[in-house]
Amino acid sequence: MLPNIKVNAEDLELIDKELLEACENYRQAQKELEADITKLTSGGLEGTLATDLLNKFEDKKPALEKIGKHAEEIKDFSKSKTRGFHQMLDETKRIIR
């Protein structure tokens with residue numbers, strides 16, 4: 001026997017909103033980090049600490065971009081499924097009338 005699945009449209013909208021917020025916050029933090037690194041490198045700050053920080057950032061940059069890309073994909077997937085839910089709900093209501 002299949003379990004009953006209860007879906008609440010408001011909860012789906014909240015999930016979409018939270019995913020959008022999280023994605024935007026991540027992207028903003030990423031931009032701020034890159035701006036800080038640019039300030040660091042263009043300001044002529046030198047030494048072991050600056051070199052280590054820059055090397056670590058450059059090493060992690062592909063992973064940071066990949067995380068951002070996955071966040072966007074998750075957000076888009078959620079939006080797509082929420083739209084599909086609303087279309088199914090509208091269609092069901094239309095048939096019942």
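This report describes the overall form of one predicted chain and then three residues of its second helix.

The model is predicted, so local features are given only at pLDDT of at least 70 and side-chain atom pairs only at pLDDT 80 or more, whereas totals for chains, interfaces and linings use all residues. Residues are numbered from 1 along each chain as its sequence is written, and side-chain values use heavy atoms, with hydrogens and water left out.

**The chain as a whole**

The chain holds two helices and zero strands, where helices (H or I, at least four residues) and strands (E, at least two) are DSSP runs numbered from the N terminus. Its radius of gyration is 22 Å, while a compact globule of 97 residues would have a value near 13 Å; the radius is taken over C-alpha atoms, and the globule rule is 2.2 Å times the number of residues to the power 0.38. Along the principal axes, the C-alpha atoms fill a box of roughly 70 × 30 × 15 Å.

Of the 97 residues, 13% count as buried, buried being under 20% relative accessible area, exposed over 50% and partly exposed in between (1.4 Å probe, protein chains only). Among contacts with a separation of 6 or more, 79% join residues 24 or more positions apart, a contact being heavy atoms within 4.5 Å.

**Three residues of helix H2**

Lys75 lies in helix H2, which covers residues 48–96, and Leu89 and Leu64 are placed in helix H2 as well.

| Residue | Relative accessibility | Class |
|---|---|---|
| Lys75 | 14% | buried |
| Leu64 | 21% | partly exposed |
| Leu89 | 28% | partly exposed |

Lys75 counts as buried because its relative accessibility is 14%. Leaving aside neighbours within four places in sequence, Lys75 is in contact with Leu20 and Cys23, and its side chain also makes a polar contact with the side chain of Glu72 at 3.0 Å. A polar contact here is a pair of N or O atoms within 3.5 Å; within protein, one must be able to donate a hydrogen and the other to accept it, and residues adjacent in sequence count only if both atoms are side-chain atoms.

Leu64, when residues up to four places away in sequence are not counted, touches Tyr26, Gln30, Leu33 and Phe57.

Ala9 serves as a reference point for both leucines: the C-alpha atoms of Leu89 and Ala9 are separated by 9.3 Å, with their positions 80 residues apart along the chain, whereas Leu64 and Ala9 are 55 residues apart in sequence and 32 Å apart in space, C-alpha to C-alpha.
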